[in-house]
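Here is a short briefing to read with the model open beside you. Take the topics in any order that suits your bench work.

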There are 2 protein chains.
Amino acid sequence: MTVSKTAAADSTRASRPARKEPAEPAEGAAESTALQLGELSELLGYSLKRAQLKIFEDFLRCVAPLQLTPAQFSVLLLLDKNPGRNQTEIANTLGILRPNFVAMLDGLESRGLCTRMRSTNDRRSHILVLTDKGRAVLARAKKLVATKHEARLNELLGPDNRAALLSMLTKIAQEF
Amino acid sequence: MTVSKTAAADSTRASRPARKEPAEPAEGAAESTALQLGELSELLGYSLKRAQLKIFEDFLRCVAPLQLTPAQFSVLLLLDKNPGRNQTEIANTLGILRPNFVAMLDGLESRGLCTRMRSTNDRRSHILVLTDKGRAVLARAKKLVATKHEARLNELLGPDNRAALLSMLTKIAQEF
């Protein structure tokens, strides 16, 4: 954040009234840069979004050698677990909108991680298949996720809290 | 999700082979539509994302009369709590990227909810101010969020679990 830098510079200009509101003395300028979150810090949705962004950032860092996003990883996992399912089924299960999903599949296919095959029964439908390369990348990704990403989360929260968190999130996703 | 509905309809048409691929007998068709999530259901990031999407959907529904997204609501809350701060400070605090934030402000400003004023000290910087209309809309939004959205979440989780969830999410957002 560049906020503190800017504010520190501003605080030396006593003539600027906009900074006065928290009535901080000059040496208090550093603290005055932190904005009041107010009710925001009590909103579950806001905290969920911030936590989710942090977790996705860490995921990207941990899986960086394989260049996989969380969503791409989900697709590979699902294809591996559910061979022969079609595009619509995978997209619906993950809650990904069709245009986004098609773009994502284009990317995975161009990297040789999965292939789309026209269903022999329904020519309008595409069956998705993980390639050998896709399976190998998935195996490596799973290892990175488990040993780096999830391990760090476990360390931060502790296994009991982690389990409680997962169960509450699942409840919200399924019942809210 | 429309998956199960479609499949239920399909299972009555024995002649449609597209649903046959998992080699299920006709009466097994309904179960065969649910995909195996496998490791996905154990991943915190995946559950967080799904829960967050659900909560945002509900937020949009609850605040529909005011046409505010969760992010717009956050901005109004923050402007109200921190008058006279500039664009960069607000965007950084909320973790919103600059181009997205500028577009969002355009929207809020065109609806008369906030105004951008060029800072008298730094002509490159814009101070953000909530208008009276913005304050009134925020007050109504807060009420809808508290009495509809957050109240339903509280009911689903119970106050103790809700507090535990909030504290874990904040911990992840701040320390992970």
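Gln72(B) is buried, because its relative accessible area is 13% and buried means under 20% relative accessible area, exposed over 50% and partly exposed in between (1.4 Å probe, protein chains only). This residue belongs to helix H4 of chain B; helices (H or I, at least four residues) and strands (E, at least two) are DSSP runs, numbered from the N terminus. This is a predicted model, in which local features need pLDDT of at least 70 and side-chain atom pairs count only at pLDDT 80 or more, while totals for chains, interfaces and linings use all residues. Residues are numbered from 1 along each chain as its sequence is written, chains are lettered from A and ligands numbered from 1 in the order in which they are written, and side-chain values use heavy atoms, with hydrogens and water left out.

**Around Gln72(B)**

- Leaving out residues up to four places away in sequence, Gln72(B) touches Gln67(B), Met104(B), Leu108(B) and Arg111(B), where contact means heavy atoms within 4.5 Å.
- Gln72(B) and Gly107(B) are separated by 35 residues in sequence, and their C-alpha atoms are 9.3 Å apart in space.

**Gln67 in both chains**

- One of the contacts of Gln72(B), Gln67(B), sits in the loop between H3 and H4 of chain B.
- Gln67(B) counts as exposed, because its relative accessibility is 58%.
- The phi angle of Gln67(B) is near 55 degrees, a positive value in a residue other than glycine.
- Most residues other than glycine have a negative phi.
- In chain A, Gln67(A) lies in the loop between helix H3 (44–62) and helix H4 (70–81).
- Gln67(A) has a phi near 55 degrees, again positive in a residue other than glycine, and counts as exposed at 59% relative accessibility.

**How the two chains are related**

- A turn of 180 degrees and a shift of 0.0 Å along the axis lay chain B on chain A with an RMSD of 0.0 Å; copies are superposed by least squares on the C-alpha atoms of residues with pLDDT of at least 70 in both.
- That is the relation of a two-fold axis.
- The same surface serves both copies, as 92% of the contact residues of chain B recur in chain A.

**The interface of chain B and chain A**

- Chain B brings 76 residues to the contact and chain A brings 73 residues.
- About 7200 Å² is buried between the two chains, and carbon and sulfur atoms give 66% of this area; buried area is the accessible area (1.4 Å probe) that two parts lose on being put together, summed over both.
- Leu35(B), Leu44(B) and Phe176(B) supply 12% of the area that chain B buries against chain A, more than any other three residues.
- Two salt bridges are found across the interface, a salt bridge being a side-chain nitrogen of Lys or Arg within 4 Å of a carboxyl oxygen of Asp or Glu.
- Glu39(B) pairs with Lys142(A) in a salt bridge whose closest N and O atoms are 2.7 Å apart.
- The interface also has 16 residue pairs in polar contact (both at pLDDT 80 or more). A polar contact is a pair of N or O atoms within 3.5 Å; within protein, one must be able to donate a hydrogen and the other to accept it, and residues adjacent in sequence count only if both atoms are side-chain atoms.
- The elements of chain B that give two or more residues to this side are helix H3 (44–62), helix H4 (70–81), helix H5 (87–94), helix H7 (132–157) and helix H8 (159–175).

**Asn82(B), facing chain A**

- Asn82(B) is found in the loop between H4 and H5 of chain B and counts as buried, at 4% relative accessibility.
- Apart from its neighbours within four places in sequence, Asn82(B) is in contact with Leu35(A) and Gln36(A).
- A polar atom of the Asn82(B) side chain lies 2.7 Å from the backbone nitrogen of Gln36(A).

**Salt bridges over all chains**

- How many salt bridges does the structure hold over all chains? There are 18.
- Glu175(A) and Lys171(A) form one at 3.8 Å, N to O; both lie in helix H8 of chain A, four residues apart, about one turn of the helix.
- Glu175(A) is partly exposed at 49% relative accessible area, and Lys171(A) is partly exposed at 30%.
- Arg85(B) and Glu89(B) form a salt bridge with the closest N and O atoms 3.1 Å apart, and both residues are buried.
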